[in-house]
Amino acid sequence: MSWIHHPQDLPIGLFDSGLGGLTVLHQLQRLLPGEPLLYLADSARLPYGERSPKEIRAIAEEVAHWLRARRVKAMVMA
């Protein structure tokens with residue numbers, strides 16, 4: 001058995017605050033049927049609009065690290 005994953009088998013990671021990202025997720029599913037997707041909705045830290053750019057950057061870096069640990073082939077931040 002091989003533990004090496006082919007890039008086409010890896011999911012596309014999608015992250016958002018838990019609101020608009022569902023629309024993006026739906027469109028990805030429609031445009032890329034059969035493509036594995038990993039969706040993370042960060043509704044625990046809503047709303048993002050009141051946060052500073054520094055806070056948002058830190059959240060994005062944390063989520064990107066989380067997605068990379070799950071071996072995504074691409075990331076979409078909605």
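In the predicted model, Phe 15 is in contact with Leu 40, Asp 42, Tyr 48, Ile 59, Val 63, Leu 67, Val 76, Met 77 and Ala 78, leaving aside residues up to four places away in sequence. Both Phe 15 and Tyr 48 are buried. The count of aromatic pairs comes to 1. This pair is formed by Phe 15 and Tyr 48 and is tilted, with 6.5 Å from centre to centre and 45° between the planes. Distant parts of the chain are linked by the pair, as Phe 15 belongs to strand S1 (residues 12-16) and Tyr 48 to the loop between strand S2 (37-41) and helix H2 (53-69), 33 residues apart.

Phe 15 and Tyr 48 also belong to the largest nonpolar core, which has 6 residues and further includes Ile 59, Val 63, Leu 67 and Val 72. Helix H2 makes the greatest contribution to this core, with 3 residues.

The strands S2, S1 and S3 form, in that order, an open sheet with parallel pairing. S2 and strand S3 (74-77) are the edge strands, each with a single partner strand, so one side of each has no neighbour in the sheet. On average, neighbouring strands are turned by 15° against each other, direction ignored. S1 and S3 run parallel and are joined by 4 bridges; Ile 12 has Ala 74 of S3 as its bridge partner.

Two helices are placed against these strands. Helix H1 (residues 21-31) lies across S1, S2 and S3 and runs at about 175° to S2. Helix H2 packs on the sheet and touches S1, S2 and S3, its direction making about 150° with that of S3.

Notes: Residues numbered from 1 in each chain as written. Predicted model: local features only at pLDDT ≥ 70, side-chain atom pairs only at ≥ 80, totals over all residues. Heavy atoms only, no water. Phe/Tyr/Trp six-rings, centres within 6.5 Å; stacked < 30°, edge-to-face > 60°. Buried < 20%, exposed > 50% of the residue type's maximum accessible area, 1.4 Å probe, protein only. Core = buried A, V, L, I, M, F, W, Y, C linked by side-chain atoms within 4.5 Å. Contact = heavy atoms within 4.5 Å. Pairing = 2+ DSSP bridges. Axes fitted to C-alpha atoms, helices over the stretch in contact; angles between N-to-C directions.
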